[in-house]
Amino acid sequence: MELKGLGSVAPYCKNGKSCPGYLIKEKEEKILLDCGNGITNYLNMEEDLENMTIIISHFHPDHYGDLSSIGEAIDLFLKFGFLNKRVKLYLPKVENSLIRHLGNTQFSVEKNKEEYEKERMNQRYVESIAYHHSFDVEEYDRGTKLQIGDMNIRFYQTLHPANTYEVRIESPTGKFAYSADTYYDESLIDFFQNANTLLCEASLLKGQARTCEHLYAYEAAELASKSKVDQLLLTHFWPEIAKERYVEEAKNYFENTQAIEEGKVYKLLK
């Protein structure tokens, strides 16, 4: 199994850095985790669209912004005969309740119904793309388990205003965990446990006010340490701040830490 970084910053692109997107490869199968603005710069469309599955972690634009471009590419590649089947697209199922039960935690967005309505609006927008392009669309939730080639995939609902899921992928060649946007939650430790690689958001630095449900770099490192993972890759940085600052903060808590880079391929070995 290998990972290619396609994007690392949010909520906008800058200086060659794209919004979140990560390509997992295992033999002939590929999983695109999130599809943020600018990631198509780092995809080899003719090769990467073959045997691709796309998983969107949640309906925030920095995680799905390039889905429309990929949809157009799939449509043309099918017409030109470069592809012989549509791409499978998994979207999170949005709950009707304004109160979500995540493990033993009750997470309420009642205090901000505007966020909930925004999520619904984003969901409708993504579905308008998904159902009018060349995708085979399915929804997933916390109980969904997928088998793609040799890869077993499961999901964990996390603390974020939008209905958001962490992703764990296991195959004979390794164990990989992906943290999409999340508030600090120790129940994630079990889900990340003993992963060979944890790809984790680190949106904030110590001293910055936590104005949204995201992790500080040191919190990502604490989760990595408590989960006993082998290596930590940080992502989801503020575009105006150097990645090295996030890595420096995290290394005080977990030494084997680096920032994911666009275009770089990482081997995810046992």
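**Reading strands, a helix and overall shape**

Mentor: Met151 in E10 is the bridge partner of Ile148. Please bear in mind that the model is predicted.

Trainee: How many bridges join E9 to E10, and in which sense do the two strands run, parallel or antiparallel?

Mentor: One reads a strand pair by its bridges and by its direction. Here E9 and E10 run antiparallel and are joined by four bridges. Their hairpin has two residues between the strands, and within this hairpin Gly149 takes a positive phi near 60°.

Trainee: Where does Gln147 lie, and is Gln147 buried or exposed?

Mentor: Gln147 belongs to strand E9, which spans residues 145–148. With a relative accessible area of 51%, Gln147 counts as exposed, because the cut-off for that class is over 50%. The side chain of Gln147 reaches the backbone oxygen of Gly149 at 2.7 Å.

Trainee: With which strand does E10 pair over seven bridges?

Mentor: That strand is E11 (residues 164–171), and the pairing is antiparallel. A hairpin of five residues connects E10 to E11. In E11, Glu170 is the bridge partner of Asn152.

Trainee: How many of the eight residues of strand E10 are buried?

Mentor: Six of the eight are buried, so E10 (residues 151–158) is largely enclosed by the rest of the structure.

Trainee: Let us turn to a helix. Which residues of helix H6 are buried?

Mentor: The general idea comes before the case. An α-helix has 3.6 residues a turn, so residues three or four places apart point the same way. In H6 (residues 243–251), the buried residues are Lys243, Tyr246, Val247, Glu249 and Ala250. These residues cover an arc of only 165° around the axis, which puts them on the same side of H6.

Trainee: What do the buried residues of H6 pack against, and which exposed residues does the face turned away from the buried side carry?

Mentor: The buried residues pack against helix H5 (217–227), strand E14 (231–235) and strand E15 (257–259). The face turned away carries the exposed residues Glu244 and Glu248.

Trainee: What radius of gyration does the protein chain have?

Mentor: One compares the value with that expected for a compact globule. With 270 residues, such a globule would have a radius of gyration near 18 Å, and the chain has 17 Å, which agrees. Its C-alpha atoms fill a box of roughly 50 × 40 × 35 Å along the principal axes. The chain comprises six helices and 16 strands, and 57% of its 270 residues count as buried. Among contacts between residues at least 6 apart in sequence, 61% join residues at least 24 apart.

Note on methods. Residues numbered from 1 in each chain as written. Predicted model: local features only at pLDDT ≥ 70, side-chain atom pairs only at ≥ 80, totals over all residues. Heavy atoms only, no water. Buried < 20%, exposed > 50% of the residue type's maximum accessible area, 1.4 Å probe, protein only. Polar contact = N/O pair within 3.5 Å; in protein donor to acceptor, adjacent residues only side chain to side chain. Arc of directions from axis to C-beta. Contact = heavy atoms within 4.5 Å. Rg over C-alpha atoms; globule rule 2.2 N^0.38 Å. Pairing = 2+ DSSP bridges.
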